[in-house]
Amino acid sequence: MKQFETIAGRQVSRRQLLAGSAALGSLGLMAGLTGCGGAAQASQAREIGFWHLLSGGDGIKMQAMIAAANQANPGFKVHPTVLAWGPPYYTKLAMASAGGRPPELAIMHASRVPGYAPGGLIEPWDLDLLAENGVRAEDFASRIWEKSQQDGKVFSIALDSHPFIMFYNTDVAGKAGLLEAGGRLKEVSTPDDFKAMALEMQKVTKGHGLSFGYLNLGSQMWRLFYTLYKQHGAEIVLTPGQPMQADRDAAIESLEFMASLFDDTIAAKSGDINTGIAEFVRGDSGMLFSGGWEMPTMKKAKLPVDAVTIPTLYGTTAAYADSHSFVLPRQLVADEQSRRDAYKFVSDVLKGSLSWAEAGHIPAYQPIVQSQAYRELSPQAHYANAADIIAYDPEAWFSGSGSDWQTYFSEYIQNVLLGRNKAAAGWDGFVARTNDLLFRPNPV
């Protein structure tokens with residue numbers, strides 16, 4: 001359907017709107033060149049627009065990194081705009097790029113890049129200019145660098161990987177006899193062994209062995225499911241115009257295991273993400289499945305906590321994760337100096353990302369991960385191996401963090417976890433919904 005906007009009581013097409021925006025931009029540029037105070041304006045720091053979706057503790061950390069880069073580079077000043085996480089952010093970013101008014105720089109989850117790069121809404125990075133700023137391909141873990149590319153071009157520069165991990169209370173684990181001589185949690189390698197470990201912790205807490213809130217949050221359900229599914233060594237392939245390719249048996253087994261955890265002994269029958277985290281923080285459970293981004297919460301609570309990647313229960317090491325990545329929204333008229341400033345800013349943030357690690361993320365820039373300062377971060381260094389076993393979402397225009405696809409997953413799977421529906425029926429319903437999306441064109 002052709003889209004129209006209403007301006008001054010008349011309809012104009014999207015193409016006309018873009019043309020008008022370009023013309024206004026040109027007039028604005030001419031006014032800037034011929035207006036008064038030109039010399040004074042030239043001496044001012046160049047402004048760099050930067051959109052991101054980082055809030056809470058992450059937002060505070062990012063603001064500090066921006067401030068440090070601004071202070072170190074008096075020639076430019078980065079102005080951040082923080083937008084709501086999820087579909088609202090990605091919709092606004094797409095509209096800004098299509099409308100010719102994007103920021104110079106933006107944060108995008110690596111899993112969302114496949115939906116934006118083919119449509120020309122973001123531009124590839126210049127590897128030579130990155131190298132001038134001390135950033136090279138070999139500075140990134142292989143899986144992360146591979147994910148940055150589409151059709152042989154680099155469309156994103158990862159700041160981090162943020163995996164789905166397992167926190168555990170070391171006091172509870174110790175009392176349950178589940179710690180090795182070095183104080184780390186004993187390893188388990190089967191679903192039954194994991195449940196047995198959770199039950200031993202439940203005997204200590206008198207509450208639950210495991211906390212995992214999932215109600216009405218598709219992303220939370222998907223993160224655990226996809227970790228377990230990938231541990232089967234299974235793949236999901238999403239090819240436009242073709243049915244979804246997946247291992248149905250592995251999917252059903254993963255879902256049945258998940259549902260078996262919610263028996264009000266191993267884990268609460270139902271609960272949302274906030275109640276799950278609160279339960280663990282109170283000491284009413286011994287383990288928590290959540291993202292590394294919850295590290296500030298654990299530190300603030302002064303919990304005796306450690307963290308590891310989720311145990312490998314099906315033979316193949318894998319951890320669901322995504323990466324906050326820098327992207328270059330398409331510019332109608334690119335400014336060479338502003339582009340160079342953006343590259344310098346990204347370089348500075350990557351090289352200063354030890355503070356980002358303090359928030360629980362694994363820095364993508366390997367010189368930081370290999371530093372002694374990072375090795376001394378506990379428990380962050382204990383799950384740094386997640387960067388080598390990352391399971392990014394299967395690629396499609398509709399998949400990835402903050403996508404409606406993960407919401408659709410919850411529509412079919414939540415009742416499976418609540419015991420109201422069979423795993424096979426829930427999975428088959430999700431597959432049918434996905435196949436419908438695969439036969440639709442990418443709207444951006």
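**Note on the predicted model: one helix pair, two cores, one loop residue**

1. L417 is part of helix 18. This is a predicted model. L417 counts as buried, because its relative accessibility is 1% and the cut-off for buried is under 20%.

2. Look next at what surrounds L417. Leaving out residues up to four places away in sequence, L417 touches Y214, M221, L255, M258, A259 and F262. V237 makes a useful distance check. It sits 180 residues from L417 along the chain, and the two C-alpha atoms are 24 Å apart.

3. How do helix 18 and helix 19 cross? Helix 18 covers residues 404-417 and helix 19 covers residues 423-438. Their axes come within 8 Å, at a crossing angle of roughly 160 degrees. Helix 18 is therefore roughly antiparallel to helix 19, since angles over 145 degrees count that way. The crossing of helix 18 past helix 19 is right-handed.

4. Which residues make this contact? From helix 18 come W405, Y408, F409, E411, Y412, I413 and V416. Helix 19 supplies A423, G426, W427, G429, F430, R433, T434 and L437. By type, the contact residues of the two helices are 10 nonpolar, three polar and two charged.

5. Now the largest nonpolar core. It has 78 residues. Within it, W125, I157, F326 and F345 touch the most other members. Helix 4, residues 87-98, gives the most to this core: six residues. A second core is separate and holds 60 residues, among them A176, F262, A391 and L417. So L417 of helix 18 turns up again here, in that second core, along with F262, one of the residues it touches.

6. Take I157 as a sample from the largest core. Neighbours within four places in sequence are set aside here. I157 is then in contact with W125, L130, F140, W145, H324, S325, F326, V346 and L350. W125 and F326 appear in this list, and both are also named among the residues of the largest core that touch the most other members.

7. Finally, a loop residue. D139 lies in the loop between helix 6 (127-132) and helix 7 (142-147). Is D139 buried or exposed? D139 is buried, because its relative accessible area is 4%, and under 20% counts as buried. Setting aside neighbours within four places in sequence, D139 is in contact with G134, A364, Y365, Q366 and P367.

How values were computed. Residues numbered from 1 in each chain as written. Predicted model: local features only at pLDDT ≥ 70, side-chain atom pairs only at ≥ 80, totals over all residues. Heavy atoms only, no water. Axes fitted to C-alpha atoms, helices over the stretch in contact; angles between N-to-C directions. Helix = DSSP H or I, 4+ residues; strand = E, 2+ residues; numbered from the N terminus. Parallel < 35°, antiparallel > 145°, perpendicular 65-115°, else oblique. Left-handed = near helix turned anticlockwise from the far one by under 90°. Contact = heavy atoms within 4.5 Å. Nonpolar A, V, L, I, M, F, W, Y, C, P; charged D, E, K, R; others polar. Core = buried A, V, L, I, M, F, W, Y, C linked by side-chain atoms within 4.5 Å. Buried < 20%, exposed > 50% of the residue type's maximum accessible area, 1.4 Å probe, protein only.
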